[in-house]
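User: Please take a close look at one part of this protein and explain how it sits among its surroundings. I am a first-year student, so kindly explain each term once.

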Amino acid sequence: MSVGVTVVVGEDSVLVREGIATLVAPSPEIDVLALCADRDELDSAIDTHTPDVVVTDIRMPPSGADEGIQLAERLRETSPGTGVVVLSQYAEPAYARDLFRGGSEGRAYLLKERLSDARQLTNAIVEVANGGSVVDPRIVDALVQGRPDGEERVVDKLSPREQEVLAQIAEGKNNAAVAEALVLSERAVEKHISSLFGKLGLVDDSSTHRRVKAVLMYLSDEG
């Protein structure tokens, strides 16, 4: 009988695939139902098991392009309650932007190097199962450093503290977690978020939708 968060894994490398299963096996929170080597196997397993979360590589057979992103987009329509953790070998902000384009809820983008830390992977799985989102800190760090050749970024409109708050939001943290990470009061975090929303022109939507838009603007290569 399945317990905890049910998971299906899609990864063409047998070593990585088995490694993921081994990493999460000790966690009582997670129950891996299937390990799949290509997109067809993954689609079949999802249809059979209707898992809480799919953990998938970005590039999988048959095309080796962006099957993981395509799958995440499809599941928004066919199974909106299913979370997706996308794994990538490289820090590619454009892929992260595509993953979160339809909303950040229930989506995570992690680098495969995080697979050396079982806790980070299990935390991401549980977070997306609960409707949260996670962005790999290395992607956030790279974007904080700014663009090459002095190109202006959309977040250059923000103060340094507002950029720090937005970086924390991009990692999927709520206001309380942002406050703890930056050693601020929740009230101060709320003020910074309200200010950065205004500076980014995000004034008409719900708070949740504005957070998603702010993260997408932060991740965007185009500003």
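Analyst: Two residues are in contact when heavy atoms of theirs lie within 4.5 Å. Helices (H or I, at least four residues) and strands (E, at least two) are DSSP runs, numbered from the N terminus. The model is predicted, and local features need pLDDT of at least 70, side-chain atom pairs count only at pLDDT 80 or more, while totals for chains, interfaces and linings use all residues. Residues are numbered from 1 along each chain as its sequence is written, and side-chain values use heavy atoms, with hydrogens and water left out.

The protein as a whole provides the setting. Its secondary structure comprises ten helices and six strands. Of its 223 residues, 49% are buried, where buried means under 20% relative accessible area, exposed means over 50%, and partly exposed lies in between (1.4 Å probe, protein chains only). Among the contacts with a separation of 6 or more, 65% are between residues 24 or more positions apart.

The part chosen here is strand β5, together with the elements around it. β5 covers residues 107-111, and five of its five residues are buried. Both of its faces are covered: one side carries R107, Y109 and L111, the other A108 and L110, and all of these are buried.

What does β5 pair with? Two strands pair if DSSP finds at least two bridges between them. β4 (83-88) runs parallel to β5, with five bridges between the two. In this pairing, S88 has L111 of β5 as its bridge partner. β5 is also joined to strand β6 (residues 133-135) by three bridges, and these two strands again run parallel. Here R107 stands opposite S133 in β6.

The helices that connect these strands give two crossovers. A crossover is right-handed if, with the strands pointing away from the viewer, the path from the first strand over the helix to the second runs clockwise. β4, α4 and β5 form a right-handed β-α-β unit, whereas β5, helix α5 (residues 118-129) and β6 form a left-handed one. The helix of the right-handed unit, α4, has seven of its eight residues buried, so α4 is largely enclosed by the rest of the structure. Its buried residues are P93, Y95, A96, R97, D98, L99 and F100.

Both β5 and α4 contribute to the largest nonpolar core. Such a core is a set of buried Ala, Val, Leu, Ile, Met, Phe, Trp, Tyr and Cys residues joined through side-chain atoms within 4.5 Å. The largest one has 23 residues, and L42, V86, L99 and Y109 have the most contacts inside it. Two or more residues of this core come from each of β2 (30-36), α2 (39-49), α3 (67-78), β4, α4 (93-100) and β5.

Another strand, β3 (residues 53-57), contains D57. Is D57 buried or exposed? D57 is buried because its relative accessible area is 8%. Its side chain is joined to that of K112 by a polar contact of 3.0 Å; such a contact is a pair of N or O atoms within 3.5 Å (within protein, one must be able to donate a hydrogen and the other to accept it, and residues adjacent in sequence count only if both atoms are side-chain atoms). Apart from neighbours within four places in sequence, D57 is in contact with G10, E11, D12, G68, L87 and K112.

Helix α1 (residues 14-24) shows how a helix can present two sides. Its buried residues are R17, I20, A21 and V24. Seen down the axis of α1, these residues fall within an arc of 95 degrees (taken from the directions from the helix axis to the C-beta atoms), so they line one face of the helix. That buried set packs against β1 (5-10), β2, β3, β4 and α5. The face turned away from the buried side carries the exposed residues L15 and T22. T22 counts as exposed because its relative accessibility is 57%. The C-alpha atoms of T22 and A118 are separated by 9.1 Å, although their positions lie 96 residues apart along the chain.

One loop residue may be added. T50, in the loop between α2 and β3, has a positive phi of about 45 degrees although T50 is not a glycine. T50 is exposed, with a relative accessible area of 51%.
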